[in-house]
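Q: I'd like a close look at a single part of this structure. Please walk me through it slowly, and explain the terms as you go.

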Amino acid sequence: MRKQPKSKGEVFCPHRSSDIKPKTSAYGGFEFLDLSVPADGSTYVEGTFAPHLHMKGIRSKRKTIRVIPYANEYFELLVPNGFTLADMKQFADENGQEISDGLQKMLDEEYPYEITPLSYESKIPYLGEYLPIRILPDGDESGGYFRDGAVYLKPGLTGEEIREAVLRLLGEMAYGIFKEKLDRFAKAMNLRYNRLAIDDGRRSFGMYNDVSRDIFLSRRLLMMNDAVIDFLIVHELAHAEEFSHGSEHDALMHSIMPNYDECDDAFHETCSRLIKQGWI
Ligand SMILES: [Zn+2]
């Protein structure tokens, strides 16, 4: 059972790629081609940040490839019969950036709120708190950091540059913080995954690919508090044991997180707040 968003066009719950059933008539009991790759055609280096494309290829009688984007940041590709995973990889390498840019544009166009432009007076969401911005000391060429309950940034940035600088810092920090949590929960749950990749999801904060057994977590998840981050991590890890959403996946999560329901509510509240503030 797939969880529904609280309101249409807003925030979706995290989910694993295979939960999304194609809407097209091409769906018909054959294998899917599941592929998650960096949008810019590069090879992902574990520990780094890279926006990914999550795609499901569906073979059909058509001669050309049709890309169908979904608001939960997932792509359905209708591909000719005989199309292989290697073909899909090549297609992603050649067209990924354009496809990714198209999705970002779609999310921006659907965005229903007015955003207050960022300034040095703005507060920055980080691990469930809102931190002030401070100016880097003279001569500090580091490009910024989070330290002592504040975000240190270069002076003279525009609102958009402040946003980009914050997101870049989150991307740099995410792997270290998430990896420690992921491995701790994997041990507690006695589950294995292959690799953690840091992604840039705005509607899907976590993803589990059941072919590669890779877990993808968005750098934007670092804006949420520890309990919500743990909730998302346990959710994705539980897919390593239980393929589908449903009572068994729920039971597994409840066994690790007795406060599951509170975390679920907190996740949705956090998403509603962050989307109104323009962070996701
Ligand atoms: Zn899920």
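A: Let's start with an open sheet: four strands in the order β5-β6-β8-β7, with mixed pairing. Strands here are DSSP runs of E with at least two residues, helices are runs of H or I with at least four, and both are numbered from the N terminus. Two strands pair if DSSP finds at least two bridges between them. Keep in mind that this is a predicted model, where local features need pLDDT of at least 70, side-chain atom pairs count only at pLDDT 80 or more, and totals for chains, interfaces and linings use all residues. Residue numbers run from 1 along each chain as its sequence is written.

So which strands sit at the edges? They are β5 (123-126) and β7 (145-147), and because each has a single partner strand, one side of each has no neighbour in the sheet. From one strand to the next, the twist averages 40° (angles run from 0 to 180 degrees between N-to-C directions, and axes are lines fitted to C-alpha atoms, for helices over the stretch in contact).

Now the edges, one by one. β5 pairs with β6 (residues 129-135) in the antiparallel sense over four bridges, and K123 stands opposite P132 in β6. The hairpin of β5 and β6 has two residues between the strands, and L127 takes a positive phi near 50° there. At the other edge, β7 and β8 (residues 150-153) are also an antiparallel pair, over three bridges. Here Y145 faces Y152 of β8.

What packs on this sheet? Helix α2 (residues 159-189) does, touching β5, β7 and β8, and its direction makes about 115° with that of β8. (Residues are in contact if their C-beta atoms, placed from the backbone, lie within 7 Å.)

Follow α2 and you get to α3 (residues 226-238), since the axes of α2 and α3 come within 10 Å and cross at roughly 55°. That angle is why the two are called oblique to each other (under 35 degrees is roughly parallel, over 145 roughly antiparallel, 65 to 115 roughly perpendicular, and the rest oblique). The crossing of α2 and α3 is right-handed (the near helix is turned clockwise from the far one; left-handed means anticlockwise by less than a right angle). F178, K181, L182, F185, A186 and M189 of α2 make the contact with I229, D230, I233, V234 and L237 of α3. Sort those residues and you get nine nonpolar, no polar and two charged (Ala, Val, Leu, Ile, Met, Phe, Trp, Tyr, Cys and Pro count as nonpolar, Asp, Glu, Lys and Arg as charged, and the others, Gly among them, as polar).

α3 has further partners. With α4 (residues 247-256), its axis comes within 10 Å and crosses at roughly 135°, so α3 and α4 are oblique to each other. V234, H235 and A238 in α3 meet H249, L252, M253 and I256 in α4, a mix of five nonpolar, two polar and no charged residues. With α5 (residues 260-276), α3 packs at about 110°, axes 9 Å apart, which makes the two roughly perpendicular. There, A227, V228 and F231 of α3 meet C263, D264, A266, F267 and T270 of α5.

Terms used
Contact = placed C-beta atoms within 7 Å.
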